[in-house]
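This briefing is for a reader new to the structure shown below. It covers enclosed spaces and then one helix.

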Amino acid sequence: MAERHDGGAPAAEQLVPGAPAKHRGVLSALVALVVVLSAVIYVTVAAGDGRVRTAAGGDRPHRESSVAPASTGAWVGAWSTAPVGGEPGTEAGGMAGRSVRNVVHASTGGTSARITLSNLYGQSPLAITHASLALSVGDGTAAADAETMRRLTFNGGTGVVIPAGGQVLSDAVRLTIPHQSDVLVTTYSPTPSGPVTYHPHARQVSYVAEGDRTEDATGAPYTEQTPYWRYVTALDVLSNEATGTVVVFGDSITDGITSTVGANRRWTDVLAGRLRSAVENGERLPRYGVVNEGISGNQVLADGLGRPAENQSGLGRFGRDVLSRTGVRAVVIDLGVNDILRNPRLADPDRIVDGLRTLVRQAHARGLKVGGATLMPFKGHRGWTPARESVRQQVNAEIRAGRVFDAVVDFDRALKDPYDPRRLRPDFDSGDHLHPSDLGFARMGDVFDLGVLKGAGQAEL
């Protein structure tokens with residue numbers, strides 16, 4: 001019986017003073033029902049063993065969703081590349097009726113992942129009806145670890161239409177991505193879409209198969225090899241290893257155009273490995289993923305041809321390729337030598353420096369620290385002249401004086417030939433007298449002062 005107050009009616013009846021006795025009885029029954037239901041709810045919630053219990057005492061398994069992130073952490077960039085243009089030969093059919101399996105290398109690990117697909121250079125909508133993500137079973141192979149195969153969705157649907165000039169971010173899938181692992185990103189498009197948005201100098205072999213082989217784990221149908229990355233421009237991970245992203249912005253030297261294919265020996269790969277090792281060894285450095293936004297032939301000032309421009313200038317693409325990257329906390333810029341080499345007239349060093357300063361101002365407006373590199377020597381290259389050498393020296397003088405970047409990485413000093421400072425040191429030279437060898441790229445990554453990344457971060461604006 002309910003507790004009684006001051007010798008009057010039961011407490012439940014006090015809820016409606018003056019109510020007729022028969023109504024008070026009904027109210028008492030309702031309160032009793034609420035108490036019973038509350039007890040059932042309490043038992044259900046308090047079970048706490050990962051299973052959802054029913055009021056009857058039975059249970060059903062609570063299935064983990066492969067779409068939802070599995071843990072807390074920060075979304076950071078594990079890999080990215082810049083869209084460069086429309087792939088020659090795909091103007092009519094695109095990749096219709098074919099599966100494209102891109103191999104990308106994760107600079108940091110995470111417990112969930114998502115990708116960005118781009119149709120920037122397409123001239124019609126791109127229909128992706130099937131896409132997947134998986135870990136490769138070994139370096140450079142199209143075969144996937146079948147246990148890691150995940151079907152990708154886009155806003156909950158298994159297909160997506162990307163408008164011409166647009167891009168799309170996939171939903172997150174629950175998948176443990178180890179750092180320094182090769183990840184397979186596969187897409188299938190059944191219909192022609194016009195030019196394929198691509199990155200031509202991947203220095204990584206990817207694959208193509210006839211038909212929809214998106215979730216094939218064997219790799220056997222992927223008989224065609226390609227040196228390109230198609231459609232995919234970013235792999236993000238939900239990471240407990242990293243708290244942010246370093247974006248390296250540059251030209252063919254950053255792109256790693258003369259590094260060994262499939263070996264991940266770009267200087268940015270060396271930098272990512274050094275940064276991780278230093279943090280693991282207890283050095284007080286930020287925990288960042290490193291992503292590469294280099295484009296071969298890229299200039300600070302001048303666009304390529306077309307609309308939208310292929311090989312868009314550094315000034316034109318900085319917002320897209322740097323400021324919009326996931327979790328960006330710091331920027332490293334190594335750009336300017338193509339402004340000297342590709343200018344039909346003698347390049348103006350003041351304009352190059354002003355362009356670099358504009359990039360720095362844009363980064364500062366987002367609260368980002370910017371490190372910048374001196375321009376390396378290129379005597380012996382077919383484009384070298386004493387006048388162009390003078391322009392390079394003038395640009396480097398401004399950089400070294402601290403009048404361009406927040407911090408300076410002196411690649412010129414680290415790789416020049418001590419017997420002729422206008423040239424690369426022979427063992428650091430790939431042979432074309434402009435781009436480094438694998439040893440030269442390793443030297444760049446090794447001399448990079450990791451302290452440049454200290455104090456980086458995104459301010460609240």
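How many cavities of 30 Å³ or more does the structure hold? The model is a predicted one, and it holds 3 cavities of that size. The points below take up the largest cavity, the second largest cavity and the buried residues of helix H9.

**Largest cavity**

- The space in the largest cavity comes to about 240 Å³.
- Its lining is made up of 25 residues, and those nearest the centre are Trp79, His105, Arg266, Asp269 and Asn292.
- Two or more lining residues come from each of strand S3 (74-80), strand S5 (98-105), helix H3 (267-280) and strand S20 (288-294).
- S20 gives the largest share of this lining, with 4 residues.
- By type, the lining of the largest cavity has 12 polar, 10 nonpolar and 3 charged residues.

**Second largest cavity**

- The volume of the second largest cavity is about 50 Å³.
- Residues lining the second largest cavity include Asp251, Ile253, Asp334 and Val337, along with the run Thr374, Leu375, Met376 and Pro377, and also Leu434.
- In this lining, 6 residues are nonpolar, 1 is polar and 2 are charged.

**Helix H9**

- Helix H9 spans residues 438-447, and its buried residues are Gly440, Phe441, Met444 and Gly445.
- These buried residues line one face of H9, because they fall within an arc of 140° when seen down the helix axis.
- The cover over the buried residues of H9 includes helix H2 (252-255), H3, strand S21 (328-334) and helix H8 (411-415).
- Helix H3 thus appears twice: among the elements that give two or more residues to the lining of the largest cavity, and in the cover over the buried residues of H9.

Technical notes:
Residues numbered from 1 in each chain as written. Predicted model: local features only at pLDDT ≥ 70, side-chain atom pairs only at ≥ 80, totals over all residues. Heavy atoms only, no water. 1 Å grid on protein atoms, 1.4 Å probe; cavity = no way out; pocket = protein on both sides within 12 Å on 5 of 7 lines; lining within 4 Å. Points joined across faces, edges and corners; volume = space filled by probe spheres on them. Nonpolar A, V, L, I, M, F, W, Y, C, P; charged D, E, K, R; others polar. Buried < 20%, exposed > 50% of the residue type's maximum accessible area, 1.4 Å probe, protein only. Arc of directions from axis to C-beta. Contact = heavy atoms within 4.5 Å.
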